[in-house]
Amino acid sequence: MATTAQLFEEPFDADEYIERLAWRTPGGGSKGGAEAFDPKRLLEEFQNHIEELKQLDERIQRKVEKLEHQCHREAKEFAHKVQDLQRSNQVAFQHFQELDEHISYVATKVCHLGDQLEGVNTPRQRAVEAQRLMTYFNEFLDGDLRSDVFNNPDKIKEAADIIQKLHLIAQELPFDRFADVKAKIASKYHDLERQLIQEFTAAQRRGEIGRMREVAAVLLHFKGYAHCVDVYIKQCQEAHVKEKLDETRHSDVEQYLKNLYDLYTRTTALATKLTEFNLGSDKHTFLSKLIKSIFSTYLESYIDMEREYLRTRGAMILQRYYDSKNHQKRPVGTGSIQELKERIRQRTNFPLGPSIDTHGETFLSPELVVNLLQETRLAFERCHKLSDPSDLPKNAFSIFLLLVEHLCVEHIDYALEIGLSAIPSANSIFHLFDKQFNDQLMPLISSSPKLAECLQKKKEVIEQMEVKLDTGIDRTLNCMVGQMKHILAAEQKKTDFRPEDENNVMIQYTTACSKVCAYVGRQVQHVRKSMDGKNVDTVLTELGVRFHRLIHEHLQQYSYSSMGGMLAICDVAEYRRCAKDFKVPLVLQLFDTLHALCNLLVVAPDNLKQVCSGEQLTNLDRNLLHAFVQLRADYRSARLGRHFS
C-alpha cells in the first residue's frame, strides 16, 4: 500500500489503518482460515511499512522547516513595508494640516471680503429698488401707467410684486395729500388680486398643478390669499360632489340619496376636524357657508326627491308583496262586512255583491313592515342631516305621513278590512310603528309646532283602526250569534220539550244544545288566539251576554211538559258548563240565573211561590218569572197564574 500524507488527514483512525494494512497483506488476515495465516509475512510487511512511514515523516519535516523559514522571511518583509507606510502617512497628515490651516485662512479672508461687499451692495440694491418703486409711484401719481409690466398680462407676477410693495408704502402716506394716488394703487391692487384668483381658478380647472403653485406663491402676500384657499377647497369639493351626484340624480334616485347623505356627512365631519386648525376667528361661519355653497343646489330639492322616492318605493314594496300572494288588491267595504257577507252567502245563497276570499291569509307581512320601517328610518336620518333646521319638523312630518299612508292605511287597514284574522299581527306591527314614531320622529319635531300635528295624526290613525276593529268585531259577534240561531232553528224540535212518551226519555241534553256548545267552544278558542290582554275578556264578555240572550229568548219559544222541563234544565246546565270556558264571572252568573229560572218549569205547583222567593230569583222582575211559568204545559190546568195575581 503506497504511503502518502493524504492517508493521515482527519479524521484518522489508527486501528482501522492497521486493520486495512493487515487485510491487504497476503496471509495477514482471516481470509483462507487459520492455515492461510502467515505471521512472518505480516511482520515483514509491518517492518517495511514502518520504514516507509519514517521516510514520509522525514520528508514532511523537511517541508515544514522550509515553509517556516519562508514564513519568517515574508513576515520581516511585511513589517518593513508597514513601517514605510506609517512614515508616509505621517508626512501626508502633516501636509493635510498645513493645507487645512491655509484654507481656513483663505476662507476667513473671503468672508471678510463678502461682508464688505454686502455692506456696499445691499444699500445699493435698496436704492435701486426704491428708485424703481418711485418710478412706478410717479406713474400712479400722474395717472398714466406707461410701464409694460402693468399692461402685459404675461408679466402679472412681476406686476403683483410691485403693486404689493406700493400698497404697503401707500398705507404709510398721509391721506390728505395722497388720497388720489392711494385710491389708484388700491384699485390696481384689488384688480391684480382678482386676476390672480381667476388665474388660479382657471389653472385648477385645467389641472395645471404647477401653475396653481406659482399663482398661490404670488397671492401669499396678498390679503386675498384666504379666498384663494376657499376657491381651491370649493372647486375640489364641487368637482367631487358633482361627479358623485349628477350621474345618479335622474337614473337611480335611491343611490343618489345615499350618495348625497354620505357626501354631506363626510364633508361636515371634515369641517369639524378642520375647526381644530387656525383658520381665523370666524372659522365656523366660513366652513358652514362653504358647505352650503357646495350642496345648496342639491339640498333645495332634497325633500321633494325624498318624498317621491318613498312614495314610489313604498308602493313597490306593497305591490311586490301582494303579487307574491297572487292577490289583486281592490277597494273593500268598512269593518269586517266582507266576512259577514260571506257567511250570509254560505247560509242563504243571497247575492250580496263581490267578496274577498282570504283563504286564512292575514295579508300582514312582518318582512314588508320591516322593509317599510327601514326605508322610513333611513329617510328620517337623511332628513335630520340634510334639512335646514327651520324646515326639519315640516320635512319629518311629510315623511311620517307617507309612512302612515303605506303602513297604516294601505297595509294594516286593508288587512283589517278583509279579515279579522289580521288583528294579532296588526297589533304587533302597530307597536313597531309606535316605536319608530318615538325613536326616530320625536327627536326631529319635539320642539316645533309640528309635534301637535304628528300626535293628532297618530291619534286619528289609532282611532280609525279602533273604530274599524270595533265594528268588525261587533259584526263578527253578530255572525257567531246568527250561526248559533241557525243551529238552534235547524236542530231544535218542539217535541224535544213535550215528548210523546214521558217515561221513555233517555238523552242527557238535546242535539241542538250539543251542537251549539261545540260551536261556541270553538269560537272561544278563536277569540283567545286572535286577541290579547284585556281585549280577550271584553270580547268574551260581550259574546257571553249575547249567547245568554239568545238561549233565554230561544227557551221562551216552547211549551214544556214535566219531562221536557227536566230536559230544558239539562240543556241549560250544559250551556252553563260551556259558559265556564269564557272565564268571565258575569256570563257564568247569567247562566246560573237562567238555570234557576228553568227550575220553575218542573217545580211542584205548591212549591212555586217558595221557589220564586229563593235567593237567585227574588231580585228578578215578577213579570219575567210569570213569563217562564206560563211556558209550563200545566199552567192553566194547575191554575198557576194565581201565584202572580
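Helices and strands are runs assigned by DSSP, a helix having at least four residues and a strand at least two, and they are numbered from the N terminus. The structure described here is a predicted model.

## Overall composition

By that assignment, the protein has 21 helices and zero strands. The chain comprises 645 residues, of which 35% count as buried. Its accessible surface comes to about 39600 Å², and carbon and sulfur atoms supply 53% of this area. Among contacts with a sequence separation of 6 or more, 73% link residues that are 24 or more positions apart.

## The annotated region and helix α2

An unreviewed UniProt entry carries the annotation "coiled-coil region" for residues 43–77. In the model, residues 43–77 are 100% helix and 0% strand. The C-alpha atoms at the two ends of this stretch are 51 Å apart.

Helix α2 covers residues 39–142 and contains Y105. The relative accessibility of Y105 is 52%; this residue counts as exposed because the limit for that class is over 50%. Together with V106 and V110, Y105 forms a nonpolar patch on the surface, and the accessible area of the three residues is about 290 Å².

## Buried residues in helices α13 and α14

Two buried residues illustrate the surroundings of the helices in this part of the chain. H406 belongs to helix α13, which runs over residues 392–418. With a relative accessible area of 8%, H406 is buried. Apart from residues up to four places away in sequence, H406 touches L310, R311, G314, A315, L318, L372 and H411.

F430 is part of helix α14, residues 423–445. This phenylalanine is also buried, with a relative accessible area of 15%. When neighbours within four places in sequence are left aside, the contacts of F430 are C408, I412, V461, I462 and M465. F430 and I412 are 18 residues apart along the chain, and their C-alpha atoms are separated by 8.4 Å.

## Aromatic pairs

The structure contains eight aromatic pairs. One of them is formed by F547 and F591, whose ring centres are 5.1 Å apart. The angle between the two planes is 45°, and the pair is described as tilted. F547 is located in helix α17 (residues 534–555) and F591 in helix α19 (residues 585–598), so this pair ties together parts of the chain that are 44 residues apart in sequence. Both F547 and F591 are buried. The two phenylalanines also belong to one aromatic cluster, which is formed by F547, Y575, F582 and F591.

## Salt bridges

Side chains of opposite charge can pair when their charged atoms come close. In this model the count comes to 18 salt bridges. The table presents three of them, with the distance from nitrogen to oxygen.

| Salt bridge | N to O distance |
|---|---|
| E254 and K258 | 3.5 Å |
| D262 and R266 | 3.0 Å |
| R377 and E381 | 2.5 Å |

E254 and K258 both lie in helix α8, which covers residues 253–274. Being four residues apart, E254 and K258 are separated by about one helical turn. Both residues are partly exposed: E254 has a relative accessible area of 28%, and K258 has one of 40%.

Helix α8 also holds D262 and R266, which are four residues apart, or about one turn of the helix. D262 is partly exposed, with a relative accessible area of 35%.

R377 and E381 are found in helix α12, residues 366–386. They too are four residues apart, which places about one helical turn between them. R377 counts as partly exposed at 25% relative accessibility, and E381 counts as partly exposed at 27%. Elsewhere, D474, E542 and R546 are joined into one network by salt bridges that share partners.

## Summary

The predicted model shows a protein with 21 helices and zero strands. Its described features include a nonpolar surface patch of Y105, V106 and V110, an aromatic cluster that contains F547 and F591, and a salt-bridge network of D474, E542 and R546.

Methods:
Residues are numbered from 1 along each chain as its sequence is written. This is a predicted model: local features need pLDDT of at least 70, side-chain atom pairs count only at pLDDT 80 or more; totals for chains, interfaces and linings use all residues. Side-chain values use heavy atoms; hydrogens and water are left out. Rings of Phe, Tyr and Trp (its six-membered ring) pair if their centres lie within 6.5 Å; planes under 30 degrees apart count as stacked, over 60 as edge-to-face and the rest as tilted. Buried means under 20% relative accessible area, exposed over 50%, partly exposed in between (1.4 Å probe, protein chains only). Contact means heavy atoms within 4.5 Å. Patches are made of residues with over 30% relative accessible area and no salt bridge: like charges are joined within 9 Å, nonpolar side chains (Val, Leu, Ile, Met, Phe, Trp, Tyr) within 5 Å. Accessible areas come from the Shrake-Rupley method with a 1.4 Å probe; for residues, only the protein chains shown count as cover. A salt bridge is a side-chain nitrogen of Lys or Arg within 4 Å of a carboxyl oxygen of Asp or Glu. UniProt positions are given in the numbering used here, feature names are shortened, and annotations may be inferred rather than shown by experiment.
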